[in-house]
Amino acid sequence: VDRAYLESIEREPLSERIVTLVEISASHPDRFPFRRALGEARLAAGETTDALRDLEAALETAPDDPATLEALARARFEASDWDGALEAARAAVRLDPGRIVAQIYLSVEDLAARDYLAAIRRIENLRLRRADRPLTGVELLPLWMAYDRALGRLAIGGDDAVGAVLSALAL
């Protein structure tokens, strides 16, 4: 019942959706899918502070919900809390390795650490795990960057480990 109702609410204009979800969340604070939906709607509306509050409240009710953790990672990222975003992304991926946004954040962390092979493996594994949903160009950007950096490293230093992984992926 909640899922069908949430789907109908998602068709509403964003401002109306937020009003509806505020009313439902106030009258049913224990129904975390509505609180998560409210946080996601507020995030889409640019209301980051309110989104963070709603998503954290949803986590109090359902601390092991990977979708809520992933939404919290996005909200923390929007709030310029990169460490908090990574913490939430790691928790989401521990529960569901197929969380696309969370894996993208972690691949960016791999790139920042210059661990190009880890970034490549992370996104390639995600592509295999989520064959039902092709990644968008923006989502593939960390993968392209990792390949670019890894190929550059291979060309400059003849890194055998990088070459072996890239050769295996090419097959």
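**Helix packing and salt bridges in the predicted model**

Just after helix H3, Gly46 adopts a positive phi of about 85 degrees. The structure described here is a predicted model, and the account begins with the helix that precedes this glycine.

Helix H3 covers residues 32-44, which makes 13 residues in total. At 1.5 Å a residue, a helix with this number of residues should span 18 Å, and the end C-alpha atoms of H3 are 18 Å apart, so expectation and model agree. Ten of the 13 residues of H3 are buried, and the helix is therefore largely enclosed by the rest of the structure. The buried residues are Pro33, Phe34, Arg35, Arg36, Ala37, Leu38, Gly39, Ala41, Arg42 and Leu43. Their packing partners are helix H1 (2-10), helix H2 (14-27), helix H4 (48-61) and H5. Two of these buried residues, Arg35 and Arg42, also take part in a network of salt bridges, in which they are linked with Glu47 and Asp54.

Attention then turns to helix H5, which comprises residues 66-78 and contains Ala67. With a relative accessible area of 16%, Ala67 falls under the 20% limit and is therefore classed as buried. Leaving aside residues up to four places away in sequence, Ala67 touches Arg36, Glu40 and Arg99. One of these contacts, Arg36, is among the buried residues of H3. The C-alpha atom of Ala67 is also separated by 7.1 Å from that of Ala92, although the two residues are 25 residues apart along the chain.

Arg99, a contact of Ala67, forms a salt bridge with Glu70, with an N to O distance of 2.9 Å. Arg99 is located in the loop between helix H6 (82-95) and helix H7 (100-112), whereas Glu70 belongs to helix H5, so this pair ties together parts that are 29 residues apart in sequence. Glu70 is buried, its relative accessible area being 6%.

In total, the structure holds 13 salt bridges. Some join residues of a single helix, as in helix H4, where Asp50 and Arg53 lie three residues apart, about one turn of the helix. An α-helix has 3.6 residues a turn, so residues three or four places apart point the same way. The closest N and O atoms of the salt bridge between Asp50 and Arg53 are 2.9 Å apart. Both partners are partly exposed: the relative accessible area is 26% for Asp50 and 42% for Arg53.

A further pair is found in helix H8 (residues 116-129), where Glu124 and Arg127 are three residues apart and thus separated by about one helical turn. Glu124 and Arg127 form a salt bridge whose closest N and O atoms are 3.8 Å apart. Here the partners fall into separate classes of accessibility: Glu124 counts as buried at 17%, whereas Arg127 counts as partly exposed at 40%. Glu124 is one of the buried residues of H8, which also include Tyr116, Leu117, Ala119, Ile120, Ile123 and Leu126. The 14 residues of H8 should span 20 Å at 1.5 Å a residue, and the end C-alpha atoms of this helix are 20 Å apart, in agreement with that value.

Conventions:
Residues numbered from 1 in each chain as written. Predicted model: local features only at pLDDT ≥ 70, side-chain atom pairs only at ≥ 80, totals over all residues. Heavy atoms only, no water. Helix = DSSP H or I, 4+ residues; strand = E, 2+ residues; numbered from the N terminus. Buried < 20%, exposed > 50% of the residue type's maximum accessible area, 1.4 Å probe, protein only. Contact = heavy atoms within 4.5 Å. Expected span 1.5 Å × (residues − 1). Salt bridge = Lys/Arg side-chain N within 4 Å of Asp/Glu carboxyl O.
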